Amino acid sequence: MKAPLDLDQLQTFISIADTGSFTRAAEEVHRTQSAVSMQMRRLEERIGKPLFEKEGRSNRLTEEGDKLLSYARRLLYLNRETLAAFDDQRLEGTIRIGTPDDYADRFLPEIMARFTRSNPRVELTVICEPTPGLVEHIKRGNLDLALVTHNDVRGQSEVVRREPLLWVTSANHATHEQVTLPMAFGRPNCIWRRAAVDVLDQQNRDYRILFTSFSATVITAAVLSGLAISVLPECALRPGMRVLGEADGFGALPDCRIGIMRGQTSRPEIVDALARHISESLDNISVPLGEETGTFDFAALAFAKMKRTRPNQILPGW
């Protein structure tokens, strides 16, 4: 029987993947660079596949290395979860977290499941509001942590995930072919709305804002019913939507950056633990749809590496 994988080697491997550098990874794991290189040679020997390849002066993951990364994160997480189960000093208390409803629908199941398994004595209080409201809650001390849409102007947050912002319409309607485009957006201070309006104005496209709502459910309903076009991050795509691109006359949008904001709290250890779980969960969650699978099973896709949604791709209907 083959010997089990070394968790220390996997931790170093993850650090290299996250930092993009053997040198910075060595600093993170408190080892010399030569020790880190030796660990990776031994890990490659154990796997039997090359995990890195040279790209100029830097190293990047091979296809096999990228495949190992998701397994390595899961193994390290399971190790921490196992140790926590036998820790008599496990975290206890209450933590208040906020998130927009479009992120809650896609990300909260994974975040809550991972965190609760490791910290069963911590009570989560969750509120769903648009990012501007969550920022105010953080400032007023009403939240310990918030998952927000990062905005350089609004306030600093730690970016933990980056996704393309996409034009979307109904797969069953020709809404995008109308001379005056009907649009569904968030409220006027929504940065996705401002980005979309800027692109439409630059392209001299005729449009009218037909629906305005802070609710992702309302925006999604307007799109799926063929009443309007909108912009959504990749994580918010739903079956029955079609992604529009430059071939359809819609210009490129800036990426959506998802970040963590921390509030003032008397229990920073709980906030740190939840922030770590959020970062790990968002890194493991795949995009909603695989090109080859044609499926929309979130559970089956939890750790899969999926290709990015492309313009003109149609998501199967309900």
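Let's start with helix 9, which gives the lining of the second largest pocket its largest share, 6 residues. Keep in mind that we are looking at a predicted model. Helix 9 spans residues 268-284, and it has company around the pocket: helix 1 (7-19), helix 4 (63-85), strand 6 (158-163) and strand 12 (256-262) also supply at least two residues each.

How many residues line this pocket? There are 19, and those nearest its centre are Ile14, Asp18, Arg73, Ser279 and Glu280. Its volume is about 360 Å³. Sorted by class, the lining has 10 charged, 5 nonpolar and 4 polar residues. Domain 1 (5-84) and domain 2 (91-159 + 255-282) each give at least three residues to the lining.

Now, please look for the largest nonpolar core. It holds 37 residues, and the ones touching the most other members are Tyr103, Phe107, Leu147, Trp167, Val231, Ile278 and Leu282. Several elements supply at least two residues each, including strand 3 (93-99), helix 5 (101-118) and helix 7 (191-202). And here we meet helix 9 again: the largest share of this core, 7 residues, comes from it. Domain 2 and domain 3 (162-253) each contribute at least three residues to the core.

Let's zoom in on one member, Tyr103. Which residues does Tyr103 contact, leaving aside its neighbours within four places in sequence? They are Leu108, Leu147, Val148, Thr149, Trp192, Pro233, Cys235, Cys256 and Ile258.

Apart from the largest core there is another one, with 18 residues, among them Ile14, Ile16, Leu43 and Leu69. You may remember Ile14 from the residues nearest the pocket centre. Thanks for listening, everyone!

Key:
Residues are numbered from 1 along each chain as its sequence is written. This is a predicted model: local features need pLDDT of at least 70, side-chain atom pairs count only at pLDDT 80 or more; totals for chains, interfaces and linings use all residues. Side-chain values use heavy atoms; hydrogens and water are left out. On a 1 Å grid over the protein atoms alone, a cavity is a set of points where a 1.4 Å probe fits but cannot get out, and a pocket is an open set with protein on both sides within 12 Å along at least five of seven lines; lining residues have an atom within 4 Å of a point. Grid points are joined across faces, edges and corners, and a volume is the space filled by probe spheres set on the points. Helices (H or I, at least four residues) and strands (E, at least two) are DSSP runs, numbered from the N terminus. Ala, Val, Leu, Ile, Met, Phe, Trp, Tyr, Cys and Pro count as nonpolar, Asp, Glu, Lys and Arg as charged, and the others, Gly among them, as polar. Domain bounds come from an automatic or database domain assignment. A nonpolar core is a set of buried Ala, Val, Leu, Ile, Met, Phe, Trp, Tyr and Cys residues joined through side-chain atoms within 4.5 Å. Buried means under 20% relative accessible area, exposed over 50%, partly exposed in between (1.4 Å probe, protein chains only). Contact means heavy atoms within 4.5 Å.
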